[in-house]
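Biologist: Hey, can you walk me through this one? I'm new to reading structures.
Modeller: Sure, let's bring it up and go step by step.

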Amino acid sequence: MVRVRFAPSPTGYLHIGSARTFIFNWLFARRHGGTMILRLDDTDVERNTQASVDSIFDGLKWLDLSWDEYYRQSDRLQMHTEAAEAILAKGLAYRDFTPMTQPSDDKPNEGGAAWLCNPEMRELSKDESDRRAAAGEPYVIRYRVPRDAGRVVTFTDEVYGEQSKSTADIEDFALLRSNGLPTYHMASCADDADLRISHIIRGQDHLTNTFKHVLIFEALGYEPPKFAHLPLLIAPDGAKLSKRRHGPVVSVTTYRDAGFLAQAYVNFLCLLGWSPKDDREKLSREELVAVFGFEGVNRSNAVVNFSDEDPIDAKALWLNSQHLYAMTIQELAAALKPVLEGAGYTVEDDYLLKVAPLIQERIKTLNDAPAVADFFFLTELAPYDPAELIPQKGDAAMAARALDMAVSTLETAEFTHDGLDAALRAAAVELGVKAGQMFQPIRVAVCGRKNAPPLFETLEVLGRDVCLPRIRRAIELLK
RNA sequence: GGCGCUAUCGUCUAAGGGUUAGGACAAGGCCCUCUCAAGGCUUAAAUAGGGGUUCGAAUCCCCUUAGCGCUACCA
């Protein structure tokens with residue numbers, strides 16, 4: 001039975017790297033008919049915030065990612081503490097009464113040898129330890145990492161393969177803090193054991209921590225789950241993504257607010273550090289579930305490509321456009337409606353259904369829609385430069401003639417794609433100008449700009465009652 | 001400093017002993033075309049460096065270099 005968990009600590013917004021970790025867990029669970037667990041690792045009371053919890057839920061909701069079970073570590077503290085006490089009772093851990101060092105002078109062992117343990121505390125007699133604890137002296141419980149036998153801790157990572165580390169290189173890490181709260185290592189392992197997690201899928205920054213976790217599982221008398229570590233997402237400068245250094249690009253809500261489709265963003269994130277091993281780039285959620293596996297996961301960190309000028313990875317944008325093109329008109333219209341309304345336009349469903357196909361392959365994000373489709377919704381066109389009405393290799397007089405001809409043609413033409421096509425082309429021939437020279441002034445008159453969807457469809461959707469006044473107005477502007 | 005991990009076009013990646021080292025994004029060009037897109041074709045662009053092993057190495061081994069991670073009573 002596959003049971004996986006995503007265990008963020010609620011100390012910030014939902015980071016895109018965290019989102020990717022959730023997605024890989026989720027994909028793995030869905031692929032194997034397993035259980036997805038969301039667990040808030042909130043043992044650090046100093047740094048947890050409700051705002052962060054909200055941001056995590058917000059982000060996951062937008063990405064449309066679900067979970068089957070939900071826990072908070074803060075609700076399970078007693079179990080963690082008991083687990084730590086049990087390890088102490090077994091003699092596999094000991095009390096360390098060393099006063100907490102000041103957080104200010106904490107450059108970790110810079111230049112020096114690795115800190116392993118304080119032998120005085122490690123070798124404290126049980127009587128002495130019990131006496132001092134009973135007297136109320138504060139202490140932390142440390143794991144007594146086996147040192148004598150030259151032991152090597154090993155595990156097999158599903159992504160990184162065989163891993164081993166000598167216990168001589170593992171320090172006596174803390175299990176329980178002097179305030180009685182468990183450390184991350186303790187709480188995480190106790191929960192993973194208690195929740196019968198089958199696969200721990202998490203960032204590679206935990207790869208070396210895993211040796212400690214294997215030791216804890218062992219002390220707990222629990223067979224360690226399988227581990228799969230994921231390469232990290234990093235910035236173009238090689239540093240890990242941080243809000244302070246890199247800004248909003250690290251937060252998933254940024255992409256939601258930029259008009260991304262959740263499925264496209266999920267697709268993009270999956271392609272960072274994982275590959276389906278064929279040449280597919282655009283994959284639907286179902287396709288991802290069908291092919292996701294650890295064999296496709298890379299071992300080197302992936303760069304999210306952004307810059308100050310282009311804050312969003314170009315490939316993410318391209319993938320989004322691919323998903324946009326793949327949508328049905330109904331789906332597209334539904335996604336577009338709130339965006340268009342947000343821009344202040346009144347949007348009728350039937351009308352939107354006709355507009356949507358015309359802008360579908362002209363937008364890369366939903367947010368592009370208001371600018372691309374404005375003339376479909378504006379009662380009065382925004383001011384434009386009348387010079388735009390003048391076609392290539394033409395002059396104002398030619399533009400005026402074309403527009404005059406357009407008016408008379410459109411007064412009687414059948415307002416369908418084919419009808420307009422035939423009528424306007426015939427008009428161009430009659431005028432003795434190229435089709436493009438005829439169409440360009442009309443396009444600008446009707447759309448207010450040179451770049452727009454194909455003319456006949458556009459006129460058809462807009463209708464005669466909107467087109468004729470706009471063209472007459474353009475003729476005025478030309479004078 | 002110690003320990004661990006990693007290294008293919010600018011970026012995401014494929015190839016895991018024998019390939020002209022493939023694809024995608026981005027960039028350039030051409031085609032299509034009523035503009036813009038979309039689409040098609042195309043150009044440029046990579047195995048970090050050095051040693052081995054082998055008939056043959058991007059691929060296996062070692063060293064160097066670089067990057068990242070861990071080295072907290074953070075997670």
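Biologist: Which side chain does the side chain of Asp192 make a polar contact with?
Modeller: The partner is Arg5, with 2.9 Å between the two side chains. A polar contact is a pair of N or O atoms within 3.5 Å; within protein, one must be able to donate a hydrogen and the other to accept it, and residues adjacent in sequence count only if both atoms are side-chain atoms. Bear in mind that this is a predicted model: local features need pLDDT of at least 70, side-chain atom pairs count only at pLDDT 80 or more, and totals for chains, interfaces and linings use all residues. Residues are numbered from 1 along each chain as its sequence is written, chains are lettered from A and ligands numbered from 1 in the order in which they are written, and side-chain values use heavy atoms, with hydrogens and water left out.

Biologist: Is Asp192 buried or exposed?
Modeller: Asp192 counts as buried because its relative accessibility is 0%. Buried means under 20% relative accessible area, exposed over 50%, and partly exposed in between (1.4 Å probe, protein chains only).

Biologist: And where is Asp192 found?
Modeller: In helix H6. Helices (H or I, at least four residues) and strands (E, at least two) are DSSP runs, numbered from the N terminus.

Biologist: OK, switching to the RNA. Which residues come nearest to RNA strand B?
Modeller: Arg177, Gly273, Glu361, Arg443 and Ala452, out of 69 residues around the strand. To be near, a residue needs a heavy atom within 4 Å of the strand.

Biologist: Which helix gives the largest share of that surface?
Modeller: H12, with 5 residues. Helix H6 (184-194) is also among the elements that each supply at least two.

Biologist: What part of the RNA faces the protein?
Modeller: Of the strand B atoms within 4 Å of the protein, 71% belong to sugar or phosphate, and the rest to bases. For instance, a polar side-chain atom of Trp318 lies 3.5 Å from a phosphate oxygen, while a polar backbone atom of Pro454 is 3.0 Å from a base oxygen.

Biologist: Last topic: how many bridges join S9 to S10?
Modeller: 5, and the two strands run parallel. Ile201 stands opposite Ala228 in S10. Strand S10 (residues 226-230) is mostly covered, with 4 of its 5 residues buried.

Conventions
Pairing = 2+ DSSP bridges.
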